[in-house]
Amino acid sequence: MTGSDKTTARLCRDAIIGVLRASMAALRQTVTSNTEIVLHDLTRPEASVIDIINGHVSDRQVGDALLSGPDNDNGFAGLTDKSGGATGSRVFSDYYTKTHAGKRLNSSSTLYYDEHGNAIVAFCINVDMQPFCQLKRDLDQLAGRGSKPEPATRDFSHVVEQTIQQIISSVNPDHGTNKKQRRMRLVAEMNARGIFKMKGGVNFAAKALGVTRYTIYNYLDTINDA
């Protein structure tokens, strides 16, 4: 990406964030305490949370990393899919996640993309279902009905593994390219597809390439310094 492209992408990101910050200012006065709203700058995954309402729901605050969020967040499937660049945004709605403390959340996310299809901003809503579930159990008990089991959360790891395998299959070895150079190319492509912004991404990549996690981190340092 050229310097001009980076400037354009930054201006696009800042414009989206500005609009969403204004929306959050209004929502802060209206949403209930069991509803968390999070604004992520996906270009800074190590400190992606730039605004949050009711952070107690998932025990997060401004400055927290992308990976500090709930498990099995299907909304971040869009990190590996560059097709969103054609529309500018994608909505992932009505799925379940779970906090590190075991709290079950009903979640929806909107991902925003730059013109190259890179996810740059995420606007996420997580609703703590415990108050509603408890109320339903109480009402069912009063009515003499047993409660139905809650639906299981979807395991998101298969999406990461599948994307990694697709990348490996798409990058054919070149004549004169050694194994390390090919692995570097693969890690660079995985990085561009957002694999390392998702939980378990480094571990899955290391396993698929037959190297250690530390080797993946070394490759990423080399790529980022280039």
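1. How many of the 10 residues of strand S4 (residues 104–113) are buried, and is the strand largely enclosed or not? Eight of the 10 are buried, so S4 is largely enclosed by the rest of the structure. This note concerns a predicted model, and the points below begin with the overall make-up before returning to S4 and its partners.

2. Overall make-up. The protein has 226 residues, and 40% of them count as buried. Six helices and five strands are present. Along the sequence they come in the order α-β-β-β-β-β-α-α-α-α-α. The accessible surface is about 12,200 Å², with 52% of that area belonging to carbon and sulfur atoms.

3. Contacts along the chain. Among contacts in the protein with a separation of 6 or more, 52% are between residues 24 or more positions apart.

4. S4 and S3. Strand S3 (residues 89–98) pairs with S4 in the antiparallel sense, over eight bridges. One position to look at is Phe 92, whose bridge partner in S4 is Ser 109. The hairpin of these two strands has five residues between them, and Gly 102 there takes a positive phi near 95 degrees.

5. S4 and S5. These two strands also run antiparallel and are joined by nine bridges. Leu 105 stands opposite Asp 128 in S5. The hairpin of S4 and S5 has five residues between the strands, and in this hairpin Gly 117 has a positive phi near 85 degrees.

6. Strand S1. Seven of the seven residues of S1 are buried, so this strand is largely enclosed by the rest of the structure. Thr 35, Ile 37, Leu 39 and Asp 41 point one way from the strand, while Glu 36, Val 38 and His 40 point the other way; all are buried. The buried set therefore includes Asp 41 and Glu 36, since seven of the seven residues of S1 are buried.

7. Partners of S1. Seven bridges join S1 to S5, and the two run antiparallel. Within this pairing, Val 38 has Cys 124 of S5 as its bridge partner. S1 also pairs with strand S2 (residues 49–53) in the antiparallel sense, over four bridges. There, Leu 39 stands opposite Asp 51 in S2.

8. The cavity. The count comes to one cavity of 30 Å³ or more, and about 30 Å³ of space lies in the largest cavity. Its lining consists of Val 38, His 40, Arg 60, Gly 69, Pro 70, Asp 73, Phe 76, Cys 124 and Asn 126. Strands S1 (35–41) and S5 (119–128) each supply at least two of these lining residues. Val 38 and Cys 124, bridge partners across S1 and S5, are both in the lining. By type, the lining has four nonpolar, three polar and two charged residues.

9. The pocket. The largest pocket holds about 1,200 Å³ of space. It is lined by 37 residues, and Thr 43, Pro 45, Asn 191, Lys 197 and Asn 224 lie nearest its centre. Two or more lining residues come from each of helix H1 (3–27), S5, helix H4 (179–192), helix H5 (201–209) and helix H6 (213–225). H6 gives the most, with five residues. The lining of the largest pocket divides into 18 nonpolar, nine polar and 10 charged residues.

10. Strand S5 in review. S5 appears in several of the points above. S5 is joined to S4 by nine bridges and to S1 by seven. S5 also supplies residues to the lining of the largest cavity and to the lining of the largest pocket.

Conventions:
Residues are numbered from 1 along each chain as its sequence is written. This is a predicted model: local features need pLDDT of at least 70, side-chain atom pairs count only at pLDDT 80 or more; totals for chains, interfaces and linings use all residues. Side-chain values use heavy atoms; hydrogens and water are left out. On a 1 Å grid over the protein atoms alone, a cavity is a set of points where a 1.4 Å probe fits but cannot get out, and a pocket is an open set with protein on both sides within 12 Å along at least five of seven lines; lining residues have an atom within 4 Å of a point. Grid points are joined across faces, edges and corners, and a volume is the space filled by probe spheres set on the points. Ala, Val, Leu, Ile, Met, Phe, Trp, Tyr, Cys and Pro count as nonpolar, Asp, Glu, Lys and Arg as charged, and the others, Gly among them, as polar. Buried means under 20% relative accessible area, exposed over 50%, partly exposed in between (1.4 Å probe, protein chains only). Contact means heavy atoms within 4.5 Å. Accessible areas come from the Shrake-Rupley method with a 1.4 Å probe; for residues, only the protein chains shown count as cover. Two strands pair if DSSP finds at least two bridges between them.
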